[in-house]
Amino acid sequence: MKILVSACLLGVPCRYDGKSKKHPEVEALRAQGYELIPVCPEVQGGLSTPRPPAERQGDGRVVNREGTDVTAQYQAGAEIALNTAREQGCELAILKERSPSCGSGEIYDGTFTGQLIPGDGVAAHRLRQAGIKVLGESQVETIQ
Ligand code: SF4
């Protein structure tokens with residue numbers, strides 16, 4: 001079984017701050033026979049690393065801390081993630097929690113003050129819309 005996975009959870013230093021968020025329990029899925037397909041919607045959508053942090057706004061746009069609207073890049077990255085999932089036959093995605101792209105269930109509120117609100121990142125939303133199940137890294141144990 002193939003699972004779409006946020007690349008930063010697999011040790012790729014593609015986060016806004018140039019770091020990764022390597023998650024051993026996600027990587028351990030390989031030993032259980034799962035094939036992990038990495039995607040980074042922000043980088044694949046055209047953003048560089050490092051980059052200013054960005055948050056979804058109440059109107060759905062994504063704006064970075066410098067005030068630049070990066071919605072188009074986020075949407076492009078979400079489509080690439082969805083295309084990859086379809087090409088690879090992934091019915092499940094494990095994505096980095098709280099990211100404006102990959103977050104599922106809760107994301108930051110757009111004020112850059114650390115406040116969380118219910119919601120999905122742009123790519124997580126697009127994948128769910130297309131019928132792909134999305135889990136966060138803290139839910140890995142639920143797939144066994
Ligand atoms: Fe990780 Fe997703 Fe952010 Fe890329 S877009 S750095 S994969 S959380």
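# Reading a predicted model together

Mentor: Let's begin with A123, which counts as buried because its relative accessibility is 0%. Please keep in mind that we are looking at a predicted model.

Trainee: Thanks! Where does A123 lie?

Mentor: A123 lies in helix 4. It has company there, since the buried residues of this helix are V122, A123, A124 and L127.

Trainee: How far apart are A123 and A78, in sequence and in space?

Mentor: That is a good pair to practise on. Along the sequence, A123 and A78 are 45 residues apart, while in space their C-alpha atoms are 4.1 Å apart. You can try the same reading on R128, another residue found in helix 4. R128 and L82 are 46 residues apart in sequence, with 9.5 Å between their C-alpha atoms.

Trainee: Is R128 buried or exposed, or partly exposed?

Mentor: The cut-offs help here: buried means under 20% relative accessible area, exposed means over 50%, and partly exposed is in between. R128 has 35% relative accessibility, so R128 counts as partly exposed.

Trainee: And which class does G33 belong to, buried or exposed?

Mentor: G33 is exposed because its relative accessible area is 54%. You will find G33 in the loop between helix 1 (24-27) and strand 2. Its C-alpha atom is separated by 9.1 Å from that of K2, and the two residues are 31 apart along the chain.

Trainee: Now I would like to read the inside. Why look for a nonpolar core at all?

Mentor: In soluble globular proteins, nonpolar side chains tend to be buried together. In this model, the largest nonpolar core holds 14 residues, and those that touch the most other members are L4, A85, A93, L95, L127, I132 and V134. At least two residues of this core come from each of strand 2 (35-39), helix 3 (71-88), strand 5 (92-95) and helix 4 (122-129).

Trainee: Which element gives the largest share of this core?

Mentor: Helix 3 does, with three residues.

Trainee: Could we follow one core residue, L4? Where is its place?

Mentor: L4 sits in strand 1, residues 2-6. L4 counts as buried because its relative accessibility is 0%. Now find I94: this residue is 90 residues away from L4 along the chain, yet 6.3 Å separates their C-alpha atoms.

Trainee: Next, the ligand. How many residues surround the ligand?

Mentor: A residue is counted here if one of its heavy atoms lies within 4 Å of the ligand. There are 14 residues around it, and the closest are C8, C40, E42, K96 and C102. Sorted by class, this shell has seven nonpolar, three polar and four charged residues.

Trainee: Which space is taken by the ligand?

Mentor: The ligand takes up the space of the largest pocket. This pocket has a volume of about 530 Å³. It is lined by 27 residues, and R15, Y16, R98, S99 and P100 are the closest to its centre. The lining has 15 nonpolar, three polar and nine charged residues. Helix 2 (41-44) and strand 3 (54-56) each give at least two residues to this lining.

Trainee: You mentioned R98. Where does R98 lie, and what is its phi?

Mentor: R98 lies in the loop between strand 5 and strand 6 (106-108). Its phi is positive, about 75 degrees, although R98 is not a glycine. R98 counts as partly exposed because its relative accessibility is 29%.

Trainee: What value does phi of F112 have?

Mentor: Phi of F112 is positive as well, near 60 degrees, and F112 is a residue other than glycine. F112 is placed in the loop between strand 6 and strand 7 (116-118). With a relative accessible area of 25%, F112 is partly exposed. For a glycine example, look just after helix 4, where G131 takes a positive phi of about 95 degrees.

Trainee: One last backbone feature: what is omega for the peptide bond from T49 to P50?

Mentor: Omega is near -5 degrees, and this peptide bond is cis. To see it, go to the loop between helix 2 and strand 3, where P50 is found.

Terms used:
Residues numbered from 1 in each chain as written. Predicted model: local features only at pLDDT ≥ 70, side-chain atom pairs only at ≥ 80, totals over all residues. Heavy atoms only, no water. 1 Å grid on protein atoms, 1.4 Å probe; cavity = no way out; pocket = protein on both sides within 12 Å on 5 of 7 lines; lining within 4 Å. Sits in = over half its atoms within 2 Å of the grid points. Nonpolar A, V, L, I, M, F, W, Y, C, P; charged D, E, K, R; others polar. Points joined across faces, edges and corners; volume = space filled by probe spheres on them. Helix = DSSP H or I, 4+ residues; strand = E, 2+ residues; numbered from the N terminus. Core = buried A, V, L, I, M, F, W, Y, C linked by side-chain atoms within 4.5 Å. Buried < 20%, exposed > 50% of the residue type's maximum accessible area, 1.4 Å probe, protein only.
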